[in-house]
Structure formats: C-alpha cells, structure tokens
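Please find below a short note on the packing in this model, set out as numbered points.

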Amino acid sequence: MIKFKTKRLVLRGWQPSDYAPFARINADQEVMKYFPTPLSEVESNANAEIISSLIDKRGWGFWAVEIPAISSFIGFVGLHIPAVKLPFSPCVEIGWRLDKEFWGHGYATEAANFALEYGFTELDLNEIVSFTATQNKASQAVMERIGMSRDSETFEHPSIPVGNPLREHFLYRLEKAAWIKMQSS
Ligand SMILES: CC(C)(COP(=O)(O)OP(=O)(O)OC[C@H]1O[C@@H](n2cnc3c(N)ncnc32)[C@H](O)[C@@H]1OP(=O)(O)O)[C@@H](O)C(=O)NCCC(=O)NCCS
C-alpha cells in the first residue's frame, strides 16, 4: 500500500477499517456544515470506494491520514481531479476533511504541505487549486497557510443548487513557480 510520512502523520491508501470512522466523520453536522447535507453511511462508503479506487488507479488522490500511535484514521488530505466541470477546469485540486477531534493541531496544514510537494515534484503540475464555500473560513485558513492566493472573483459551484447560500465559492490557486520560491524563502 502507498504510504508517506510527514513529521507527525502517515498519508496512505485506504483500507477497509477506514470506512466506519469515515462514515462517522461524514455524518457529523459540524464537519459537514459547509456541504449541502451530511452523508449517510451508504453514501459515505460509496465515496470512500471512489476515493480509494482512484488512488489505486492513479497512485495518488485524497490519501487517508493517520497519526501513528494516536489514531489509525483521522480523515483525508490530498489531491483530486474534480469530477464536475468547473469554470477553471481542467485542474487538480487539493482538499481535506478531518474528524473534528483532530482540528486545531495543524494536521491539515502539515498533510497539505506534503500534498503540494508531491503535486509539484512527483506529478510536475503547473498549478494546484482549492475551492470552498465563501463561509468556510477554516478551510480558507488552510489554503492561506500553505501559500495559496485567492482569485478576486467568486464562482458558483455547479453541484450546489441555485439559491443555496453554499453555492458561492472562493477559488484559491498556487503555481509551481510560486511554490518553489516559497521553499527557498
Ligand atoms: C478544514 C479543516 C481541515 C481545518 O482544520 P484546522 O484544524 O483548522 O486546520 P489545521 O489542521 O491546519 O490546524 C490549524 C490550527 O491548529 C493550530 N495549531 C496547533 N498546533 C499546531 C502546529 N503544531 N502546527 C500548525 N498549527 C497548529 C493553528 O494555530 C490553527 O489554529 P486556529 O484555527 O485557531 O488558528 C477542518 O475544519 C475540517 O475538516 N472541516 C470540515 C471539512 C471541510 O470543510 N473541508 C474543506 C471543504 S472545501
């Protein structure tokens, strides 16, 4: 199984024991506050299956995150090609979703920094994007901590119904050249 280590975390392919804690995370109203609805167990398992098979196919994706000796699964962080067409497609996005028990420790930022390095060095991407509902300040803070810059225009996420206040999204971008510059400063 694919496995990478950062200072405090392991990012890896998914295993069957991840599905139950992932379903608990996806059922949590607070974690899913900026998504249209929390997910049922069936929806969560289907989601895990897609994420896991994309890693098997591509060798990268939304990796499962564990904290050795503390928790065998705290959520996911990684890279993904959005399934829906967005105004800035084609693109590779960086994304994250963690169990709220593990918020406030810098874990998302630590794992995201690894994902950026992987995307720019191993995959040789020219740009990585990230996007979230305008209300999701915690996610925007991760984007800013890892050095991404926000586009001045918002966009309407096509998967969220017209009229839903979560439809308006901020788009953040980071180009490889800017990331290389950040590494040397
Ligand atoms: C988005 C999400 C991952 C952010 O989690 P987070 O805990 O705020 O982010 P990090 O893991 O990077 O932790 C940063 C916080 O830990 C603190 N911290 C503590 N120890 C730290 C350390 N050693 N290193 C860095 N930061 C540390 C930081 O000061 C910061 O706290 P603050 O928010 O009070 O400023 C989380 O809110 C989440 O899973 N949300 C639900 C899913 C979601 O919305 N996903 C995005 C959809 S687009």
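1. Leaving aside neighbours within four places in sequence, S130 is in contact (heavy atoms within 4.5 Å) with I94, W96, M143, M148, F170, L171 and Y172. The model is predicted: local features need pLDDT of at least 70 and side-chain atom pairs count only at pLDDT 80 or more, while totals for chains, interfaces and linings use all residues. Residues are numbered from 1 along each chain as its sequence is written, and side-chain values use heavy atoms, with hydrogens and water left out.

2. S130 lies in strand β6, residues 127–133 (strands are DSSP runs of E of at least two residues, helices runs of H or I of at least four, numbered from the N terminus). S130 is buried, at a relative accessible area of 1% (buried means under 20%, with a 1.4 Å probe and protein chains only). Its side chain reaches the backbone oxygen of I94 at 2.9 Å.

3. I94 is in contact with S130 and, among others, G78, L79, A112, A115, I128 and M148, again leaving aside neighbours within four places in sequence.

4. The largest nonpolar core (buried Ala, Val, Leu, Ile, Met, Phe, Trp, Tyr and Cys residues joined through side-chain atoms within 4.5 Å) has 47 residues, and W14 and I94 have the most contacts inside it. Elements that give two or more residues to this core include α1, α2, β5 and α3 (107–122). Helix α3 supplies the largest share, nine residues. A second, separate core of seven residues includes F88, V129, F131 and L171.

5. In helix α1 (residues 19–27), the buried residues are Y19, P21, F22, A23, I25 and N26. The buried residues of α1 pack against α2 (41–58), β4 (71–80) and β5 (93–98).

Notes:
Buried means under 20% relative accessible area, exposed over 50%, partly exposed in between (1.4 Å probe, protein chains only). A polar contact is a pair of N or O atoms within 3.5 Å; within protein, one must be able to donate a hydrogen and the other to accept it, and residues adjacent in sequence count only if both atoms are side-chain atoms.
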